Amino acid sequence: MAGAQAWQQVLEGDSIDRFFAHFVLDDAQRGKILRDYPSADLSHLPSSKADVLKDLHDIWQRDGFLTPAETQAALIEKYLPGADERLTRFIRDTELSRNKPETVTGYLSKEHAYLATALAHLYAQQTGMPMTMVEVDFSNMGGTNDYFRQKLASEKAVLPLDIPQREAEVLTDLAVRVLSAGMTADIAAMYPDARIVPIRTGGDELRILITGVSEPAEQLRLSDTLHANIEKRVAAMGLQDHPHLKAPEDPRRAGFGAALAVQDMHQISNPGTLIQELDARITEMKNQLGMMRLGMIDREAVAAEAEGKLRFGLIRMPLGLSADDVIDLEIAKAQKNAEKAAHALRDMNPEYNPELPQGVDGFKNYAAQTMAQLGRLAMAVAVLPQILDTDKLGGPFRPMGIRPSDSLERRYVARALEHFDQEGIALSPAALRFLKLSVRGLAPEDPSAQVMMPVGMVRMIDNAAADAQDFRAQVTVHHSDVDAALRTAGLKSMQQVMPQAMAVSVHNLAGLNSALGHHNADIVLRHIAHEVIGGAIHAAGVPRQARSSFAIAHHGGGNFSVLLPAGGTDAQGRSWFASQALIHKARGEIKERIGQLNKSPIAKFLSQNGGYVDQDVYQYLEEKNLNTFADIRDPKERTYVFGDDIVKGRVNGIHAIVVGAAVSYDPQMPGTGGGVFIGNLRTRADAMMEQYRGAVLHQLYKQGALDGDHTPVRPFQAAFNSYAIGNHAGAAFILGGADAKKYVQPQETAAADDRRQDKPKGPGGRA
Amino acid sequence: MTSAGSKQLPEEIVEFMAKIGPRSLTDEEARALNLLRLKHGLPAASAAGVAAILADKDKG
């Protein structure tokens with residue numbers, strides 16, 4: 001097998017390619033190790049990805065399907081025969097600690113999503129054993145937050161605005177947890193021998209992989225049972241009727257809920273479009289469930305189902321009746337059942353049934369009781385080795401040999417190596433390789449953007465804040481190299497050298513997903529992360545070097561954050577320092593690169609970057625006039641009010657807002673820390689993006705350039721703004737508008753500006 | 001004719017998806033795809049079975 005092309009017929013196949021590559025030791029690598037360690041035994045290590053596949057097949061035969069962390073642990077164990085038991089236990093515990101459930105749903109977190117999916121599809125293809133994927137999408141989480149906020153306000157006799165958003169979100173999360181735990185418990189009850197691997201793949205999306213459910217009739221039974229239980233639990237939580245955030249007038253979309261599609265993994269004809277197909281089935285299911293809650297049926301769907309069942313003998317045709325008669329009977333039966341179902345659901349719903357416990361307390365009690373009854377899905381989770389169980393890897397806790405600019409992965413690896421050194425456990429070349437592979441997983445990657453997960457960024461910001469003083473102390477002041485680097489950074493002294501962070505909000509990821517499908521949208525997302533943002537930072541003066549010099553994280557959708565350490569050296573040993581001037585340059589580069597992306601032909605871009613492009617895709621792009629990324633349509637029509645002007649429209653194309661800030665806070669102070677810091681920065685970027693969208697449409701409106709369906713007739717070039725956060729994370733002030741020339745704010749004026757300008761301004765300085 | 005138990009998807013559905021390309025389906029297309037799957041006896045969106053389970057509960 002050579003390259004990602006080999007896995008094109010596997011869902012998320014490129015993650016298999018990357019996963020297998022970690023284990024392969026090619027001839028050049030073998031030669032290098034043998035030069036350094038002539039007696040090393042490398043005979044048991046795989047030479048190709050085909051070797052890894054064969055070994056994986058053996059593991060599946062022995063253990064059945066495994067989670068990604070268990071799979072990696074099993075392969076490493078196989079490749080380290082006879083290793084010190086303390087080492088193998090350390091690696092196994094490190095791996096299995098990654099099975100730790102995500103806090104809201106209790107499922108595996110997103111970092112495992114693509115690899116778990118790819119492994120499941122490969123398992124189905126290689127073993128021929130049953131494997132089913134259940135794709136789940138929650139409904140109306142935003143509207144449910146609003147509902148809880150109003151409910152809490154009404155019970156406390158205050159205005160909804162007086163209820164912190166988080167207080168409402170916690171209740172929505174609880175409802176999500178009840179449904180999530182309910183689904184896995186239902187599946188476990190139906191298929192006690194099946195392996196169930198549930199994953200939270202997104203904010204409102206889940207995926208459950210099951211080793212079983214091979215026949216269509218079984219799949220239908222599973223789908224019906226899960227949906228029926230979801231409906232019962234939603235009713236019992238009193239969450240059937242509040243308006244949908246995006247469609248408040250449509251009663252079929254009211255309330256909270258979840259719909260799902262059951263997919264046999266042996267029946268995937270096109271991995272490139274499967275997720276779109278499942279999303280479509282879920283959309284349709286949500287419509288039908290919404291109707292059922294109202295006691296209505298979709299007659300056409302019932303007729304089609306009856307026709308299918310008749311065709312394949314799943315229902316019998318009584319003597320003397322025609323097919324049409326049977327279909328009419330099925331419709332009548334379905335209508336009767338829908339009415340009964342609506343009635344039954346209302347009986348379970350405290351909003352309709354006064355005998356049931358009422359209010360937010362009633363909801364909480366129901367949730368607690370249900371969770372206690374459901375129990376937990378058995379998942380092999382290990383406790384992380386104590387030496388690694390820390391976020392503190394900077395300042396006084398920085399491991400030996402680690403520089404202030406070093407990555408999170410490198411810090412964890414150094415900490416592990418310190419441990420083995422102290423324990424006196426010698427590591428063979430293979431042991432070292434796999435120990436590093438395992439420990440690096442503690443800085444998990446977002447599989448869609450292939451950059452760090454937010455949790456890693458939070459740790460890195462704390463470490464960078466803790467390391468800044470050490471970094472400044474290590475630099476030789478008044479050395480000519482240092483002076484030159486300070487001048488380049490626009491700084492007057494070493495005291496001004498600080499780590500810098502950016503939040504980048506990219507508009508229209510939803511449009512990309514909608515127009516190109518999730519696989520191709522991921523290709524663009526990775527380009528934005530690595531080439532637009534990462535490339536811009538290098539172009540702004542941060543050198544490319546072997547040891548990581550900055551970190552990028554993906555926070556979902558089009559939201560990214562970036563951390564630049566206070567500084568470092570390039571390959572020639574020359575110093576560089578992070579500064580607002582550097583951020584400003586990076587911002588300009590991002591603007592340039594987003595502009596280039598908008599001008600890029602979509603088909604050419606995708607084919608050059610490993611996207612899914614065949615003749616049908618070319619034809620589709622042509623038919624829809626999707627030539628360049630500037631043509632990507634904003635799926636949402638937006639409304640803004642500017643004085644007497646009511647402006648409606650869509651902001652097509654890709655746009656970005658960059659917000660920058662010096663990382664400057666005392667990690668010991670309450671209410672500070674990487675999480676608060678990056679949260680504030682992201683909130684600013686989101687607010688700026690919203691103002692930017694309004695400004696784009698207002699300008700087009702004033703120019704008379706909004707066409708009939710309120711769509712800009714040409715893409716608007718991105719404008720950029722920047723904020724800096726002062727000496728504490730809670731305060732922000734503006735450094736410059738869209739065309740501001742003056743961007744470097746002396747530190748001493750920050751506090752004064754902080755007090756003067758506590759409200760953000762929009763592009764061009766608009767309030 | 002492709003049977004409900006076959007691991008091969010019916011040609012009609014494969015063609016339907018190929019025509020759409022890589023993008024997300026519109027609501028109308030989602031509906032059309034679902035009706036196609038139902039007519040071929042494949043697992044698809046249907047609330048009829050869900051309602052039957054809930055109605056049965058109502059009886060008890």
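At what angle do helix α7 (residues 141–156) of chain A and helix α8 (residues 165–190) of chain A cross, and how close do their axes come? In this predicted model, the axes come within 8 Å and the crossing is roughly 120°. That angle falls outside the 65 to 115 degrees that count as roughly perpendicular and is not over 145, the mark for roughly antiparallel, so α7(A) and α8(A) are oblique to each other. The crossing of these two helices is right-handed.

Now for the residues that do the touching. On the α7(A) side they are M141(A), T144(A), N145(A), F148(A), R149(A) and L152(A), and these meet E167(A), A168(A), E169(A), L171(A), T172(A) and A175(A) of α8(A). Sorted by class, this contact has six nonpolar, three polar and three charged residues.

A second helix pair can be read in just the way the first was. Two packed helices are described by the angle between their axes and the distance between the axes. For helix α18 (residues 509–539) and helix α19 (residues 580–599), both of chain A, the angle is about 140° and the axes lie 8 Å apart. Since only angles over 145 count as roughly antiparallel, α18(A) and α19(A) are oblique to each other. Their crossing is right-handed.

From α18(A), the contact takes in E531(A), V532(A), I533(A), G535(A), A536(A), I537(A) and A539(A). Facing them from α19(A) are A586(A), E589(A), I590(A), R593(A), I594(A) and L597(A). The class count for this contact comes to nine nonpolar, one polar and three charged residues.

Stepping back from single helices, chain A splits into domain 1 (4–100 + 381–443), domain 2 (110–372) and domain 3 (505–765). Helices α7(A) and α8(A), at residues 141–156 and 165–190, fall inside the 110–372 range of domain 2. Helices α18(A) and α19(A), at 509–539 and 580–599, fall inside the 505–765 range of domain 3.

How do domain 1 and domain 2 of chain A meet? Taken over C-alpha atoms, their centres are 38 Å apart. Across the boundary, 15 residues of domain 1 are in contact with 19 residues of domain 2. On the domain 1 side, the elements giving two or more residues are α1 (13–21), α3 (49–63) and α4 (68–79) of chain A. Of these, α1(A) gives the most, with four residues. By class, the domain 1 side that touches domain 2 has seven nonpolar, seven polar and one charged residues.

Definitions and conventions:
Residues are numbered from 1 along each chain as its sequence is written. Chains are lettered from A and ligands numbered from 1 in the order in which they are written. This is a predicted model: local features need pLDDT of at least 70, side-chain atom pairs count only at pLDDT 80 or more; totals for chains, interfaces and linings use all residues. Domain bounds come from an automatic or database domain assignment. Two residues are in contact if their C-beta atoms, placed from the backbone, lie within 7 Å. Ala, Val, Leu, Ile, Met, Phe, Trp, Tyr, Cys and Pro count as nonpolar, Asp, Glu, Lys and Arg as charged, and the others, Gly among them, as polar. Axes are lines fitted to C-alpha atoms, for helices over the stretch in contact, and angles run from 0 to 180 degrees between N-to-C directions. Angles under 35 degrees count as roughly parallel, over 145 as roughly antiparallel, 65 to 115 as roughly perpendicular and the rest as oblique. A crossing is left-handed if the near helix is turned anticlockwise from the far one by less than a right angle, and right-handed if clockwise.
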